[in-house]
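Visitor: Got a moment to walk me through this one? I'd like to go over it piece by piece.

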Amino acid sequence: MKEPMIKRIDLKTQAKVKIQEYIASLDLSKSNKLPREEEFCRIIGVSRITLRSALNELEMEGLVHRRQGKGTFVNITRRNMKLSFSPVGHFGDVISAAGYRPRIEQLSLELICADERLAAALEIEPGQELVSDRKYFLADDEVCAYCEDFFPRNLIGDISLEELKAGGLSVFHYLYEITGRKVLWDKVDISAVDSSAKKELGVFADKALLYLHGVNYDEQDKPLVLIDEYVNTGILTFSQIRQRIINY
């Protein structure tokens, strides 16, 4: 594999991390109001433009909210939520955030030909060779999700599937190490299915499952990985803060 590329984190992302660290240090039972802009810029060491940009994103994510003429406040309900659809990290991190010990049980790592559905999602030609990575995610040794990852075989050059498997990295990390491309965002279609939808879902007995069909995009807004996830919401329960836009 290639040597990992140096990670360059933009100022806005750095500011978001610092703001989240600052929020984590607060005693929100006393006050959930954040410092005034000029003071907050001094505390986290960024410009006012960078601070506002970071706060805009955190507001969209539901972590903070602004009140005209009063300031910026931590959304305590969002702060106490364990799992949210946005932002979201690697599935193992999602399981950890829910308070469980994560483990992966890999079922297969193989080459397949892209059908019409996969080809359209990844913007490639039907029949092109794909790597298919199928696995269970476990939370405290109980299966909580079944996942299928697909990406074009040509992304990994002459690296064998055995080398990928031996590396023990997530699909995001080994594609980054090999190609230098990072997943920054995804588009997810969400629906519900039952355990009869696929034979691999038999471990969930007769439970209803949350099905997330997601295409993950890189810095150039090019599709990189398609991921199908089937989640047992009896173990992993997601919540979401949404902004309401209502004309009164």
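Guide: Sure, what follows is a quick chat about confidence, overall layout, salt bridges and a few local spots.

Visitor: What kind of model is this, and how are residues numbered?
Guide: It's a predicted model, where local features need pLDDT of at least 70, side-chain atom pairs count only at pLDDT 80 or more, and totals for chains, interfaces and linings use all residues. Residues are numbered from 1 along each chain as its sequence is written, and side-chain values use heavy atoms, with hydrogens and water left out.

Visitor: What's the mean pLDDT of the protein chain?
Guide: The mean is 88, and 93% of the residues reach 70 or more. pLDDT is the predictor's confidence in each residue, from 0 to 100.

Visitor: Where does pLDDT stay under 50?
Guide: Over residues 1-7. The model has 14 contacts for that stretch beyond four places in sequence, a contact being heavy atoms within 4.5 Å. Where pLDDT is low, the predicted coordinates should not be read in detail.

Visitor: Okay, overall layout. How many helices and strands?
Guide: Eight helices and eight strands. They are DSSP runs numbered from the N terminus: helices are H or I with at least four residues, strands are E with at least two. The C-alpha atoms fill a box of roughly 60 × 45 × 40 Å, taken along the principal axes.

Visitor: How many residues are there, and what share counts as buried?
Guide: The protein chain has 248 residues, and 42% of them count as buried. Buried means under 20% relative accessible area, exposed means over 50%, and partly exposed is in between (1.4 Å probe, protein chains only).

Visitor: And what share of the contacts joins residues at least 24 apart?
Guide: Of the contacts between residues at least 6 apart in sequence, 57% do that.

Visitor: Switching to charges: how many salt bridges?
Guide: A search of the whole structure finds 18. A salt bridge here is a side-chain nitrogen of Lys or Arg within 4 Å of a carboxyl oxygen of Asp or Glu.

Visitor: Which residue does R52 pair with?
Guide: R52 meets E37, N to O at 2.9 Å. That pair links distant parts of the chain, with R52 in helix α3 (residues 48-60) and E37 in helix α2 (residues 37-44), 15 residues apart. R52 is partly exposed, with a relative accessible area of 39%, and E37 is also partly exposed, at 24%.

Visitor: Which residues are in a network with those two?
Guide: The salt-bridge network links R36, E37, E38, R48 and R52.

Visitor: Where do R42 and E39 sit?
Guide: Both lie in helix α2, three residues apart, about one turn of the helix. Their side chains form a salt bridge at 2.6 Å, N to O. R42 is exposed at 58% relative accessibility, while E39 is partly exposed at 32%.

Visitor: Then K199 and E200: how far apart are the closest N and O atoms?
Guide: They're 3.2 Å apart, in a salt bridge. K199 counts as exposed at 71% relative accessibility, whereas E200 is buried at 10%.

Visitor: New topic: what's the phi of D140?
Guide: About 50°, so D140 has a positive phi although it is not a glycine. Most residues other than glycine have a negative phi. D140 is in the loop between β4 (129-139) and β5 (142-152), and D140 is partly exposed at 41% relative accessibility.

Visitor: And where's D221?
Guide: D221 lies in the loop between β7 (208-217) and β8 (223-231). Phi of D221 is near 60°, a positive value in a residue other than glycine. D221 is partly exposed, with a relative accessible area of 48%.

Visitor: Which residues of helix α8 are buried?
Guide: In α8 (residues 171-179), V171, Y174, L175, Y176 and I178 are buried. Their cover includes β3 (102-113), β4, β5, α7 (161-167) and β8. Just after α8, G180 takes a positive phi of about 80°.

Visitor: Last one, what does V188 touch?
Guide: Not counting residues up to four places away in sequence, V188 touches L212, H213 and G214. V188 is found in strand β6 (residues 185-194) and counts as partly exposed, at 32% relative accessibility.
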